[in-house]
Amino acid sequence: MSQTAFIHQDLIADSIKGSKKARYQLYQLYSKAMFNVCFRMMNNREDAEDMLQEAFVQAFQKLESFRNESSFGTWIKTITVHTCINALNKRKLDIRYIDDLHRFETAEEEPEEALYTTENILEAMNQLPEGGRIVFSLYLLEGYDHGEISQILNITESTSKTQYMRAKRRVYEIMKQTKASTI
């Protein structure tokens, strides 16, 4: 087992015992990554900060149920994603999928490599409708497979795959339009 795993086990054990210092250290280790997850899911800094706080509160309340079956990072990421999904559902947002907004041609176009920078992709992703952005983020950035996404969002696996492909095409179109407007 790596040194990092031992450090985290000690921090987790101390956190379970109520050590605020250990909890703060866990927060320091994982808050930035979890904020990025929240920001991609909520598409708003203030909401992302609220979800980050809520996720850590839930994680520390449930810490005794953490069984070291996965890494602490995986465990808290799951809590974070579910916290964001629950918040979106509570708001009863009309999660609009890409079909509602645009029709796409089925012909594949050759991508231009210069378009695929992280900044361009994130900017384009922020312009996707809520449902497409969430599926795109969970699959591409968070590493969930379509089976897991279907369970998280209560949609079929094929809907997840379809939404991902449409979101991917829409991101590419947005990046092409942005590039064309800057020339």
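The sulfur of Cys38 lies 3.9 Å from the closest cysteine sulfur, that of Cys84, which is too far for a bond. A disulfide is a covalent bond between the sulfur atoms of two cysteines, and here the term is applied to a pair of cysteine sulfur atoms within 2.5 Å. By this rule the count comes to 0 disulfides. Seen from the other side, Cys84 is in no disulfide either, with the sulfur of Cys38 as its nearest cysteine sulfur. Cys38 is buried, at 0% relative accessibility, and Cys84 is likewise buried, with a relative accessible area of 0%. Buried here means under 20% relative accessible area, exposed means over 50%, and partly exposed covers the range in between (1.4 Å probe, protein chains only).

It helps to keep in mind that this is a predicted model, in which local features need pLDDT of at least 70 and side-chain atom pairs count only at pLDDT 80 or more, while totals for chains, interfaces and linings use all residues. Residues are numbered from 1 along each chain as its sequence is written, and side-chain values use heavy atoms, with hydrogens and water left out.

Turning to the overall fold, the protein has 8 helices and 0 strands, which gives the pattern α-α-α-α-α-α-α-α along the sequence. Helices (H or I, at least four residues) and strands (E, at least two) are DSSP runs, numbered from the N terminus. Of the 183 residues, 39% are buried. Among contacts (heavy atoms within 4.5 Å) between residues at least 6 apart in sequence, 65% join residues at least 24 apart. The accessible surface comes to about 11200 Å², and 47% of this belongs to carbon and sulfur atoms; such areas come from the Shrake-Rupley method with a 1.4 Å probe, and for residues only the protein chains shown count as cover.

Two loop asparagines catch the eye. Most residues other than glycine have a negative phi. Asn43, however, has a positive phi near 60°; this residue sits in the loop between helix H2 (20-42) and helix H3 (45-61) and is partly exposed at 28% relative accessibility. Asn68 also has a positive phi, of about 60°. Its place is in the loop between H3 and helix H4 (72-90), and Asn68 is partly exposed, with a relative accessible area of 46%.

On the surface, Leu122, Tyr139, Leu140 and Leu141 make a nonpolar patch of about 300 Å². Helix H6 (residues 130-141) supplies the largest share of this patch, 3 residues. Leu140 lies in helix H6 and is partly exposed, with a relative accessible area of 41%. Patches are made of residues with over 30% relative accessible area and no salt bridge, with like charges joined within 9 Å and nonpolar side chains (Val, Leu, Ile, Met, Phe, Trp, Tyr) within 5 Å. A salt bridge is a side-chain nitrogen of Lys or Arg within 4 Å of a carboxyl oxygen of Asp or Glu.
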